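User: Please take a close look at one part of this model, the strand pairing and the loops that adjoin it. I would like one connected account, with the rest of the chain as background.

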Amino acid sequence: MFKAYYLLEARGLIRARPRSGYYVNARGDSLPPEPDASCPDGESTELAISERIFDILDSS
């Protein structure tokens with residue numbers, strides 16, 4: 001559950017107050033700029049879904 005809080009905080013959408021909790025930033029607060037869109041090179045790689053799922057589960 002805390003991963004979601006950390007992600008929102010990293011994006012500048014919420015802020016933590018010690019011994020108080022998390023609070024939503026107002027719209028005027030400094031939000032980080034949106035990242036540029038990626039530009040794939042057009043090459044694709046074949047990947048077995050089950051292998052990828054196990055890689056993800058192993059890393060967590």
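Analyst: The account below goes from the chain as a whole to the hairpin, then to the loop after it and the last helix.

The model is predicted, and its confidence sets the frame for the reading. The average pLDDT of the chain is 79, and 78% of the residues score at least 70. Where pLDDT is low, the predicted coordinates should not be read in detail. In the chain, mean confidence is lowest in α2, at 85, and highest in strand β2, at 87.

The chain holds two helices and two strands, and along the sequence these follow the pattern α-β-β-α. Of its 60 residues, 5% count as buried. About 6000 Å² of the chain is exposed, and carbon and sulfur atoms supply 56% of that area.

The part in question begins with the two strands. β1 covers residues 14–17, and β2 covers residues 21–24. The two strands pair in the antiparallel sense, over four bridges. One of the pairings sets Arg17 against its bridge partner Gly21 in β2. Arg15 stands opposite Tyr23, also in β2.

Ala16 belongs to strand β1 as well. With a relative accessibility of 36%, Ala16 is classed as partly exposed, because that class runs between the cut-offs of 20% for buried and 50% for exposed. Ala16 also has a spatial relation to a residue outside the strand: Tyr6 is ten residues away in sequence, and the C-alpha atoms of the pair are 9.4 Å apart.

Between the strands, the hairpin has three residues. Arg19 lies in this loop between β1 and β2. The phi of Arg19 is near 60°, which is a positive value in a residue other than glycine. Most residues other than glycine have a negative phi. Arg19 also counts as exposed, because its relative accessibility is 91% and the cut-off for that class is over 50%.

After β2 the chain enters the loop between β2 and α2, and Asn25 lies there. Asn25 is buried, as its relative accessible area is 16% and the limit for that class is under 20%. The side chain of Asn25 is joined to that of Arg15 by a polar contact of 2.2 Å. Arg15 is thus tied to two parts of this account, since Arg15 stands opposite Tyr23 in β2 and has the side-chain contact with Asn25 in the loop.

Arg27 has its place in the loop between β2 and α2 too. Unlike Asn25, which is buried, Arg27 counts as exposed, at 83% relative accessibility. Arg27 and Leu13 are separated by 14 residues in sequence, and their C-alpha atoms are 8.7 Å apart in space.

The loop leads to helix α2, which spans residues 49–59 and includes Phe54. Phe54 counts as exposed, because its relative accessibility is 53%. Together with Ile49, Ile53 and Leu57, Phe54 forms a nonpolar patch on the surface, and the four have about 440 Å² of accessible area together.

In short, the part asked about is an antiparallel pair of strands with the exposed Arg19 in the loop between them. It is followed by a loop in which Asn25 is buried and Arg27 is exposed.

Definitions and conventions. Residues are numbered from 1 along each chain as its sequence is written. This is a predicted model: local features need pLDDT of at least 70, side-chain atom pairs count only at pLDDT 80 or more; totals for chains, interfaces and linings use all residues. Side-chain values use heavy atoms; hydrogens and water are left out. Patches are made of residues with over 30% relative accessible area and no salt bridge: like charges are joined within 9 Å, nonpolar side chains (Val, Leu, Ile, Met, Phe, Trp, Tyr) within 5 Å. Accessible areas come from the Shrake-Rupley method with a 1.4 Å probe; for residues, only the protein chains shown count as cover. A salt bridge is a side-chain nitrogen of Lys or Arg within 4 Å of a carboxyl oxygen of Asp or Glu. Buried means under 20% relative accessible area, exposed over 50%, partly exposed in between (1.4 Å probe, protein chains only). pLDDT is the predictor's confidence in each residue, from 0 to 100. Two strands pair if DSSP finds at least two bridges between them. A polar contact is a pair of N or O atoms within 3.5 Å; within protein, one must be able to donate a hydrogen and the other to accept it, and residues adjacent in sequence count only if both atoms are side-chain atoms.
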